[in-house]
Amino acid sequence: MADAESTMAIWVDADACPAVIRDILFRAAMRTGITVTLVANQPLRVPRSPHIHTLQVAAGFDVADNVIVQRLNPGDLVITGDIPLAAEVIEKGGHALNPRGERYQPDTIRARLNMRDFMDTLRGSGIHTGGPAALGKPERQAFANELDRFLAAARKA
């Protein structure tokens, strides 16, 4: 196992992470030996593995996000659909991947954050903007493929 791979960790913003995505991460942890830590404000069931951990935090706005950012090391991967968290991760030198398989990029994260804030303002003014589509097989496959690409690149680094 490469040194970069053994020191890199995967952090999961687990309160909103779909179970099917967590299962993909569990298999990756067991296959690669990379530590996966799920951070949530509720207890979570995970397989017994020295590579899979849970960290329960107090309930509250952004508590899990703040813990992830505090513990994150440059080069770590964070799984989240939360664009503000992804922006903080990238700012700290980490990588962020959403459960639909889209990697947040340093050159586009500010635009994504601005669009998110704009949509939030619209919703706050009573305009119905709809939510994301259900997570289907194509999205699960896109997530698994992007995770594999990231892990392969980490092994080469």
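**View 1. Contacts across the whole chain: 51% of those between residues at least 6 apart in sequence join residues at least 24 apart.** Keep in mind that this is a predicted model. The chain has 157 residues, and 39% of them count as buried. On the outside, the accessible surface comes to about 8700 Å², with 53% of that belonging to carbon and sulfur atoms.

**View 2. The run of elements, with six helices and six strands in the chain.** Starting at the N terminus, you can tick them off as α-β-α-β-β-α-β-α-β-β-α-α. So much for the list; the next views look at how the pieces sit together.

**View 3. An open sheet built from six strands.** Read across the sheet, the order is E3-E2-E1-E4-E5-E6, and the pairing is mixed. At the edges sit strand E3 (52–56) and strand E6 (103–104), each of which pairs on one side only.

**View 4. Strands E1 and E2 side by side, paired in the parallel sense.** E1 covers residues 9–13 and E2 covers residues 35–40, and five bridges link the two. For a spot to zoom in on, try isoleucine 10, which stands opposite valine 36 in E2.

**View 5. Helix H2 lying across part of the sheet.** Which strands does helix H2 lie across? They are E1, E2, E3 and strand E4 (77–79). The helix itself takes up residues 19–32 and runs at about 150° to E2. E2 is also the strand that pairs with E1 in View 4, while E3 turns up in View 3 as an edge strand.

Technical notes
Residues numbered from 1 in each chain as written. Predicted model: local features only at pLDDT ≥ 70, side-chain atom pairs only at ≥ 80, totals over all residues. Heavy atoms only, no water. Buried < 20%, exposed > 50% of the residue type's maximum accessible area, 1.4 Å probe, protein only. Contact = heavy atoms within 4.5 Å. Areas by Shrake-Rupley, 256 points an atom, 1.4 Å probe, with all protein chains shown as cover. Pairing = 2+ DSSP bridges. Axes fitted to C-alpha atoms, helices over the stretch in contact; angles between N-to-C directions.
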